[in-house]
Amino acid sequence: MTGPGYSESMHPENPPEGYTHGENEHIENTGSGTLRAAIFGISDGLVSNLALVMGVAGGTQQSGEAVVIAGTVGLLAGAFSMAAGEYISMQTQRESMEKQLQLEREHIIAFPEEEEAHLSLLLEENGLSKKDAKDVARKVHEDVEPAVGFHALLELGIVPQQMGSPVGAAFASFAAFVVGALIPLIPWLILASALWESVIVSAIALMAVGGAVTTVTHQSAWWGALRQLAFGASAATVTWFLGRLVGTAL
Ligand SMILES: [Zn+2]
């Protein structure tokens, strides 16, 4: 393939200097995935700790001490639970992808001609002419790994280089949950009794998070904000009354 005198700069398809389309796109993809995970992590922490804080406040006649202890423990418990869940989910996904890639690799090694013909067909279905599809499939199948990459993308929708890191995801969701869970708790750390301060700060945060979610889902920001406020307020109201019920029974 690489004849005498071949060099990267002589490659006719070499992109002009400063061309970084592929790189930018990769960063953009990773970025939006991380943004999405961060928003949902914050939302989880916020709603769950708001409900916990309100329940304890309702059950202890707004004892600041009890709320701070419960809120802190709830923050940590939730963050660990989120991190463990995220790690296991990503790791499982990764293992299943790697297994599928290995199967594909074995197929390509055992039945190179059939797999090349199959790839050619898939490329044709994706808009290439019969001749181009055949040429590309032949070229791609000169080596096993590029062939695995193409088969993974067209048959499984997997981009092997873009599998996320389970440890990174675990840390990110831990941090996001902590940020969300701190919001209803912070007023109680500052003031002796902070029920309404906590409610107001949390309501604003709920609307902000709900609005931010719509940047991922492409719905109206107001709809997202009010929906999130409704869910958070419902959870907090229910736990407040349940807390009072339990508190007066004891
Ligand atoms: Zn295949």
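**Loop residues and the buried face of α4**

In this predicted model, Asn-126 is placed in the loop that lies between α3 and α4. Its relative accessibility of 53% puts Asn-126 in the exposed class, because the cut-off for that class is over 50%. Although 28 residues separate Asn-126 from Leu-154 in sequence, the C-alpha atoms of the two residues are 8.9 Å apart in space.

The helix that follows this loop, α4, spans residues 130-140, and its buried residues are Ala-133, Ala-137 and Val-140. When α4 is viewed down its axis, these buried residues fall within an arc of 65 degrees, and they therefore line one face of the helix. Such an arrangement can be read against the geometry of helices: an α-helix has 3.6 residues a turn, so residues three or four places apart point the same way. The cover over the buried residues of α4 includes α3, which comprises residues 112-125, and α5, which comprises residues 144-156.

A further feature concerns the backbone of another loop. Most residues other than glycine have a negative phi. Gln-61, which is not a glycine, nevertheless has a positive phi of about 50 degrees, and Gln-61 is located in the loop between α1 (21-59) and α2 (64-110). The loop between α1 and α2 also contains Gln-62, for which phi is again positive, at about 60 degrees, although Gln-62 is not a glycine. As to accessibility, Gln-61 is exposed, with a relative accessible area of 78%, whereas Gln-62 is partly exposed, with a relative accessible area of 28%.

Conventions: Residues numbered from 1 in each chain as written. Predicted model: local features only at pLDDT ≥ 70, side-chain atom pairs only at ≥ 80, totals over all residues. Heavy atoms only, no water. Helix = DSSP H or I, 4+ residues; strand = E, 2+ residues; numbered from the N terminus. Buried < 20%, exposed > 50% of the residue type's maximum accessible area, 1.4 Å probe, protein only. Arc of directions from axis to C-beta. Contact = heavy atoms within 4.5 Å.
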